[in-house]
Structures are given as C-alpha cells and as structure tokens.
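Student: Got a minute to walk through this model with me? I'd like to start in the middle of things and pick up the overview later.

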Amino acid sequence: MVTLAPPGDDGPHPLVRRDPEPDGESAEGSFARFYQDTYAKLVGRAIARGLSREDAADAAQDALVGVYRKWALVHPQSPECRLRYASGALENSVQNVWRRRGRDADLSERLSSFVRFGDEDAGDTDALDLVRGLSKQQRTVVMLLDEGWTANEIALHLRIASTSVRTHLQHARKILRAKLQARKDGDRG
C-alpha cells in the first residue's frame, strides 16, 4: 500500500512511504511469490489468445521480466493492480509473438510470391533459381537484408550472432557470384 509520507520523513522517496510486506518479506521475496502465483495464469491466458504452450510460456516469461523491471513501482500496489499490470505486459508479449510469427514465414515462399514473371519470361526463372540454390539460412539472411534489415536486426531476429549473419551473407554472395560467372561464361561459349 502506498501512503503519503509526512514532511520530514526520510523514506525511500520524499513523497511516498511503502508499508512493509507482511511477515517482513522483501521486495525480491514478494516478486518471487508473485511470480509463482501469476505465471500459470499468464500462460493460460496466452494459450487462450491462440499461442502454443511453448510460445505461451515464453510470452508469460517475457511479461514477468517486464514486471520485474518495474517491480519498484508495481510492488507497492494492490495484488489486483499487480495482476492487471502483468496482464497488460502479457498482452504486449502476445502481440510480439504474433508479429514474430508473421516475419518468420518461410522467406523463400515469400520471395516466390512477389517475384512475378511475365508470360514472355515464363520459362526464364534465373533469379529465382539462383536464390533457391542457397541454403535456407542464407536465403533467409539475403531476403531480410533485401527487405532493409540491418545485420544486427537480422541477428536478433534469427537469434544468432551478427558475425554469423555476415558470414552467411559472405557465403551467399560468393555462391551467387560463382553461379552468375558460370552463366556468363556459358553464354560466351
């Protein structure tokens, strides 16, 4: 519970005095208890929003990490306010999962859907064949780069090191360069 402190009280903040938790429990201890009481509820709510059990557990964990970061502000509130705050954080986490799913669609499929060939080019799918010749990870990195993502953003999205992204790009460029050179040499001969 939060109460206004009388002038001259040297509490943690000049305007707010926090009443101690029951049984002298610390803020860390009260968060641990809140986590235990709330985690299963949040997972259930995320599943009800259409997430798999694994994604729901991740979303609940992300939400509770966000609550923990703000625990100094949330801690003095009533249990109902704490749960409402955690529910709002869960809603944000669920939305993030849905956004990630949208981006995680197979990028090679997305490529083939927006690369259109006219009737006169129906038999000529050189660009598509070149990209299909890359590994799935290389295709993904190349497509995200083409969409304007930076190497660091791609690394965060794919949960790999940014040096790995750069390596995939290097290998993809090398493969594409070799294939293009082979086709160029084949056209000459």
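Student: Leaving out residues up to four places away in sequence, what does Leu51 touch?
Tutor: Keep in mind that this is a predicted model. With those sequence neighbors left out, Leu51 is in contact with Ala46, Ala56, Ala59, Val94, Val97, Trp98 and Arg101.

Student: And which residues touch the most other members of the largest nonpolar core?
Tutor: Leu51 is one of them, along with Phe34, Val67 and Leu90, in a core of 19 residues. The elements giving two or more residues to this core are α1 (27-48), α2 (53-69), α3 (71-74) and α4 (79-103).

Student: Which element gives the largest share of this core?
Tutor: That's α2, with six residues. In soluble globular proteins, nonpolar side chains tend to be buried together.

Student: Any other core?
Tutor: Yes, there is a second, separate core of eight residues, and Leu144, Trp149, Ala155 and Val165 are among them.

Student: Back to the helices. At what angle do α1 and α2 pack?
Tutor: The angle is about 145 degrees, and the two axes are 9 Å apart. The crossing of α1 and α2 is right-handed.

Student: Which residues meet there, between α1 and α2?
Tutor: On the α1 side you have Glu28, Phe31, Phe34, Tyr35, Tyr39, Leu42, Val43, Ala46 and Ile47. They meet Arg53, Ala56, Ala57, Ala60, Gln61, Leu64, Val67 and Tyr68 in α2.

Student: I was looking at Thr38. Buried or exposed?
Tutor: Thr38 counts as buried, because its relative accessibility is 3%. The residue lies in helix α1.

Student: What does the side chain of Thr38 reach?
Tutor: It reaches the backbone oxygen of Phe34, at 2.7 Å. Setting aside residues up to four places away in sequence, Thr38 also touches Leu83 and Ala86.

Student: Phe34 keeps coming up. How many residues apart in sequence are Pro79 and Phe34?
Tutor: They are 45 residues apart in sequence, and their C-alpha atoms are 8.6 Å apart in space. Pro79 is found in helix α4.

Student: Is Pro79 buried or exposed?
Tutor: Exposed, because Pro79 has 56% relative accessibility.

Student: New topic: α7. Which of its residues are buried?
Tutor: In α7 the buried ones are Gln138, Arg139, Thr140, Val141, Met143 and Leu144. Leu144 also belongs to that second core.

Student: Arg139 surprises me. Why does Arg139 count as buried?
Tutor: Because its relative accessibility is 16%, and the cut-off for buried is under 20%.

Student: What does the side chain of Arg139 reach?
Tutor: The backbone oxygen of Leu134, at 3.0 Å. There is also a long-range pairing to look at: Arg139 and Leu169 are 30 residues apart in sequence, and 9.0 Å apart in space from C-alpha to C-alpha.

Student: And Thr140, what does its side chain reach?
Tutor: The side chain of Thr140 reaches the backbone oxygen of Lys136 at 2.8 Å. Thr140 lies in helix α7, which covers residues 136-146, and it counts as buried because its relative accessibility is 13%.

Student: What follows α7?
Tutor: Gly148 does, and its phi is positive, near 100 degrees.

Student: Where is Arg159, and what is its phi?
Tutor: Arg159 sits in the loop between α8 (151-158) and α9 (162-188). Its phi is near 60 degrees, a positive value in a residue other than glycine.

Student: Is Arg159 buried or exposed?
Tutor: Arg159 counts as exposed, because its relative accessibility is 66%.

Student: OK, now the overview I skipped. How many helices and strands does the chain have?
Tutor: Nine helices and two strands. Along the sequence the pattern runs β-β-α-α-α-α-α-α-α-α-α.

Student: What percentage of the chain counts as buried?
Tutor: Of its 189 residues, 26% are buried. The accessible surface of the chain is about 12300 Å², and carbon and sulfur atoms account for 53% of that.

Student: Last one: among contacts with a separation of 6 or more, what share comes from residues 24 or more positions apart?
Tutor: Such residues account for 56% of those contacts in the chain.

Note on methods
Residues numbered from 1 in each chain as written. Predicted model: local features only at pLDDT ≥ 70, side-chain atom pairs only at ≥ 80, totals over all residues. Heavy atoms only, no water. Helix = DSSP H or I, 4+ residues; strand = E, 2+ residues; numbered from the N terminus. Buried < 20%, exposed > 50% of the residue type's maximum accessible area, 1.4 Å probe, protein only. Contact = heavy atoms within 4.5 Å. Areas by Shrake-Rupley, 256 points an atom, 1.4 Å probe, with all protein chains shown as cover. Polar contact = N/O pair within 3.5 Å; in protein donor to acceptor, adjacent residues only side chain to side chain. Core = buried A, V, L, I, M, F, W, Y, C linked by side-chain atoms within 4.5 Å. Axes fitted to C-alpha atoms, helices over the stretch in contact; angles between N-to-C directions. Left-handed = near helix turned anticlockwise from the far one by under 90°.
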